[in-house]
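Colleague: Got a minute? I'd like to go through this model with you.
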Amino acid sequence: MDLLLLDLVIVLAAARLFGALARRLGQPPVIGEIVAGILLGPTLLGPLIGDELFGPEMRPPLQALANVGLVLFMFVVGLELDQKLVRGKGRIAVTVALGSTVVPFVLGCVLALAIAGEHVGGDRTLPFVLFMGAAMAATAFPVLARILTDRGMQRITLGGLALASAAVIDVLAWTVLAVVVGIAGAGEAEGQWKVLLALPYALVMFLVVKPLLARLVPAYERAGRLTPGLLSLVLIGLIGSAWATEWMHVHFIFGAFVFGTVMPREGAERLNHEILERLEQLAVLLLLPMFFVVAGLNVNLRELDLSSLGTLAAILAVAIGGKVLGSYAAARTQRLPARQSWTLAALLNTRGLTEIVILTVGLQKGVLDDELYSLMVVMALVTTAMTGPLVRRLYPDRRVARDVADAERAALGVTAAHRVLVIVPEPPAEQAPLVGLATTLALSRSPSEVVLGHLRPYPAGRLEVGSGLSSELAELAETLQELETLAATARERGPDSRVVSRFSADVAGELPGLASGARPDLLVLPAGVPGHAGVRDGATCRVVTVAGPGPGSPSESSSSPSSLSSPSSPSSPFGQAGPGSVPGSVSGSVPGPVAVHHGPGGDAAAHVALTLATLQGRPLVLTGGNRASALAQRLVRLGVEATSGPVPEGALVVAADTANAPEGAHLLVRAEQDADPVDWAEAVSALRAPAAPTAPAAPVTRP
């Protein structure tokens, strides 16, 4: 008993130390915990000290405690999983799981056939080939869950989809592993038929156990708290479910996870919160780190040899390439955006503990030799270690925070409007074309709103004692009337519209704060406005800079925002026209085209040009070489009037806001931070949706 307690102290201290170190290095704590176990085993301590502290007689009790921790943790993961995130996405999860399993499985089998002669005998070739395929296809469900919960991604759709896909992958992997064990030895295969009971088990859990668990809610409400009796019922059901899946040779982690998912949700918020308070700290802080450390005790990296580097490189190429490409291709077939597809592929590439457990089984059954076992362990650690940094790069924390906020709003039934902020310079009455442009861009999404931001210069020290405020109030009232007239014009075209206006002694200094405080999804910004550079550089959303007036404007050579064509001018390209004229026409009778310079990184500019062309009924011209020509052909197939070629005379010219922006562009577009590639089919469909139509706005009369 004294040795067991000493082992617990060493294991928990090492888990905390190496877990904290891994977190400081940007890795999930599980990496540090597994490394701690490896270092406590024969890899570093050697057989003498390692066997003295963690000998064969100490492994079973340590493993039992660790398994209990994993059961509790997987229950917590299932209980916290928002099922609405994966509702209606079962087909996507299954498709991604199949792609993430089949491709690496096939490649793993091919690699196994190539190296079988060096590692196994003739009668062991078939189980060896199948085993290598299963090992390459595995995904570490508990490690993936830990990575997601550390970043809060289990609360967003992508995290829920990753968990659902990983669950299917691991069921397939354990099924193949059961087949391999059966082939490896007839005596070992006894009872492997029980895996066929997995489907009836799932039906019983969701159709019988779930309604029974719903009765916990009224019992909890009558008691007013989580009583020991209620908690005992939950624990009995949890452990019984884990035992059932372990008995069926599926693995106990799935029983624990499924029991968490069938716990009541409707009206059970307080009940589940109290259950989590009781179990989460015990599972996550005490028992779960012990599980990862104990798993590492079975690894001996002293078996590695420099001559094995070629085999290791082949294993890594097959494992990473097969898993990532298979997952990505499957996700794209389900129309998942490219960023989310790559992130999902990177998440499913993590193997960690599940891989080590599978490898240990292979070693015990004689399917793997010591050298190949060690190489596969290195592969498991590499694929797990690369997951955290790669996912953080593909899906930064601000993207996660944005998705979490969207999920919370959706849970509350709140639909966030697409907010377009337009900075209105002086004088407001002459900025109808600018507001017309912002309104057209707002109509690309529904619901949407246009916010008119304006700071009226007010010289410091102008107000004197006794002078009164009548003139200042008159100025402010006139400005607000002009802005409200513009806002009313925007409302007539569909989007909600509001005004944010005040006096300012430092327009350039205060404008960035006004822009960031509005939290827009799109910012329309005149190039000559004071503080333009600070507003543009501080914005994280998409920014459309109005670099100059539209073609045909009387003051086309001027870049001042106040020189934008007047509301009565039929030549304005920004969606504002007089009675009887067509928006964007040069002569008042023929719509002028929208031209866009499309090159690398220019998706945002092309999307803005497409929006203006589609919503204003104007032809679209793309210039920029092969990329522009390819996009034009794609848009034509989608029913858009688009061509490729030089910029036509009199066109409204849109370009990407880069250091190489072409001279003479009227609108410069900078993409939002962490921008996704534009899904052109979805973009065209959204612009043609019933909620998006627009019509020319009525002319604005100056007060």
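Colleague: In which sense do S1 and S2 pair, and over how many bridges?

Modeller: This is a predicted model, to start with. Strand S1 (residues 418–423) and strand S2 (residues 448–457) pair in the parallel sense, over six bridges. Leu421 stands opposite Val451 in S2.

Colleague: How does the chain cross from S1 to S2?

Modeller: Through helix H19, residues 432–442. That β-α-β crossover is right-handed.

Colleague: What does S1 pair with besides S2?

Modeller: Strand S4, residues 522–526. The pairing is parallel, over three bridges. Leu421 turns up again: in S4 it stands opposite Leu523.

Colleague: Is S1 mostly covered or open?

Modeller: Mostly covered. Five of its six residues are buried.

Colleague: And what does S4 pair with besides S1?

Modeller: Strand S5, residues 542–546, in the parallel sense over five bridges. Val524 stands opposite Val544 there.

Colleague: What's the strand order in the sheet?

Modeller: S3-S2-S1-S4-S5-S10-S9-S6-S7-S8. It's an open sheet of 10 strands with mixed pairing.

Colleague: Which strands stand at the edges?

Modeller: S3 (496–504) and S8 (642–644). Each has a single partner strand, so one side of each is left without a neighbour in the sheet. The twist averages 20° from one strand to the next.

Colleague: New topic. How many disulfides does the structure hold?

Modeller: Zero.

Colleague: Cys109 and Cys541, then: buried or exposed?

Modeller: Cys109 is buried, because its relative accessible area of 12% falls under the 20% cut-off. Cys541 is buried too, at 7%.

How values were computed:
Residues are numbered from 1 along each chain as its sequence is written. This is a predicted model: local features need pLDDT of at least 70, side-chain atom pairs count only at pLDDT 80 or more; totals for chains, interfaces and linings use all residues. Side-chain values use heavy atoms; hydrogens and water are left out. A disulfide is a pair of cysteine sulfur atoms within 2.5 Å. Buried means under 20% relative accessible area, exposed over 50%, partly exposed in between (1.4 Å probe, protein chains only). Helices (H or I, at least four residues) and strands (E, at least two) are DSSP runs, numbered from the N terminus. Two strands pair if DSSP finds at least two bridges between them. A crossover is right-handed if, with the strands pointing away from the viewer, the path from the first strand over the helix to the second runs clockwise. Axes are lines fitted to C-alpha atoms, for helices over the stretch in contact, and angles run from 0 to 180 degrees between N-to-C directions.
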